[in-house]
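Hi everyone, thanks for coming. I'd like to walk you through one protein model today, a piece at a time, so please have a look at it on the screen.

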Amino acid sequence: MSDYVIPSPLRPSLPIKGTSGRFPVRRIYCIGRNYADHAIEMGHDPEKESPFFFQKNAENIDSSGEFPYPPETNDVHFEVEMIVALKSGGTNLELDEAMQLVFGYGVGLDMTRRDLQGEMKKLGRPWEIGKAFERSAPMGPLVPIDETGQLESGAISLSVDGAVRQNGDLNQMIWKVPEQIAYLSRFYDIAAGDLIMSGTPAGVGPIQKGEIMECCVAGLDPFVVKVV
Ligand code: MN
């Protein structure tokens with residue numbers, strides 16, 4: 001029963017590994033250029049920048065293992081990222097409080113219409129059209145931090161049809177996860193249900209229909225996505 005005048009949209013959610021429980025998703029914050037070698041490949045100097053974030057929509061997540069090639073683009077790129085899921089929130093958090101907010105981790109993809117993002121950058125316009133489109137955030141099941149421990153180092157990689165394309169280490173993040181949480185909390189009321197996409201290592205590149213992306217973060221199960 002409610003006063004809504006149209007059917008209420010469903011809350012997007014992610015599966016939890018090994019249970020029937022679901023994690024309800026509120027917001028998705030994505031950090032840009034958070035691995036030095038990726039910042040360099042995108043034409044930037046990793047030393048000079050403060051962190052910056054953009055958002056995807058909660059409705060953009062998809063755990064089906066299929067990524068439909070999106071419209072209005074000829075250059076869709078993969079970016080493998082570790083997902084950090086928050087079970088609580090706050091504002092103006094101190095660094096040493098930040099990890100208390102973490103529910104767990106996942107493996108995901110920040111799929112990007114690179115051609116549209118590039119046009120928007122050139123024009124000084126917002127990036128949403130390149131980043132926050134339908135099913136642009138494929139994500140595997142979350143795993144509670146009690147089971148994984150804190151993930152601070154270990155391989156993060158992506159292969160396409162078995163060939164390794166991205167290969168980095170979580171310890172190469174310029175802004176570490178607690179720093180990302182504390183920084184976000186200065187600008188936003190972060191809250192339970194928020195996800196952080198923690199950045200991608202070098203090697204981003206285009207995918208084509210029919211290709212299979214295998215996304216790996218040490219300590220989590222591989223997440224496999226087919227481009228359809
Ligand atoms: Mn990204």
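**A walk through the model**

Let's start with one residue: Cys216 is found in strand S17, which covers residues 212–217. Please keep in mind that this is a predicted model.

Is Cys216 buried, partly exposed or exposed? Its relative accessible area is 22%, and buried means under 20%, so Cys216 counts as partly exposed. Who are its contacts? Leaving aside residues up to four places away in sequence, Cys216 touches Val80, Val107, Ala155, Ile156, Ser157 and Pro222. Val76 is another story: 140 residues separate Val76 and Cys216 along the chain, and their C-alpha atoms are 20 Å apart.

Now to the metal. Which residues coordinate the manganese ion? They are Glu79 and Glu81, each through OE, and Asp110 through OD, at 2.0 to 2.1 Å. Written as a sequence pattern, the spacing of these donor residues is E-x1-E-x28-D. Glu79 and Asp110 link distant parts of the chain, being 31 residues apart. You can find Glu79 in the loop between strands S7 (76–78) and S8 (80–86), while Asp110 sits in the loop between strands S9 (102–109) and S10 (112–113). Both are buried: Glu79 has a relative accessible area of 4%, and Asp110 has 1%.

Next, the sheet. Six strands form an open sheet in the order S4-S3-S15-S8-S9-S12, and the pairing is mixed. Why do S4 and S12 each have one side without a neighbour in the sheet? Strand S4 (53–56) and strand S12 (143–144) stand at the edges, so each has a single partner strand. Further in, S3 (residues 28–31) and S15 (residues 195–197) pair in the parallel sense over three bridges. There, Tyr29 stands opposite Ile196 of S15. Helix H6, residues 177–187, packs on this sheet and touches S3, S4, S8, S9 and S15. The direction of H6 makes about 120 degrees with that of S15.

Last stop: the spaces inside. How many cavities of 30 Å³ or more does the structure hold? There are two, and the largest has a volume of about 110 Å³. Sixteen residues line that largest cavity, and Gly32, Arg33, His38, Glu79 and Lys131 lie nearest its centre. You have met Glu79 already, as one of the manganese donors. Helix H3 (residues 114–123) gives the most to the lining, with three residues.

That's my tour. Thanks for listening!

How values were computed. Residues are numbered from 1 along each chain as its sequence is written. This is a predicted model: local features need pLDDT of at least 70, side-chain atom pairs count only at pLDDT 80 or more; totals for chains, interfaces and linings use all residues. Side-chain values use heavy atoms; hydrogens and water are left out. Helices (H or I, at least four residues) and strands (E, at least two) are DSSP runs, numbered from the N terminus. Buried means under 20% relative accessible area, exposed over 50%, partly exposed in between (1.4 Å probe, protein chains only). Contact means heavy atoms within 4.5 Å. Donors are N, O and S atoms within 2.8 Å of the metal (3.2 Å for Na, K and Ca); water is not among the atoms, so sites may look incomplete. Two strands pair if DSSP finds at least two bridges between them. Axes are lines fitted to C-alpha atoms, for helices over the stretch in contact, and angles run from 0 to 180 degrees between N-to-C directions. On a 1 Å grid over the protein atoms alone, a cavity is a set of points where a 1.4 Å probe fits but cannot get out, and a pocket is an open set with protein on both sides within 12 Å along at least five of seven lines; lining residues have an atom within 4 Å of a point. Grid points are joined across faces, edges and corners, and a volume is the space filled by probe spheres set on the points.
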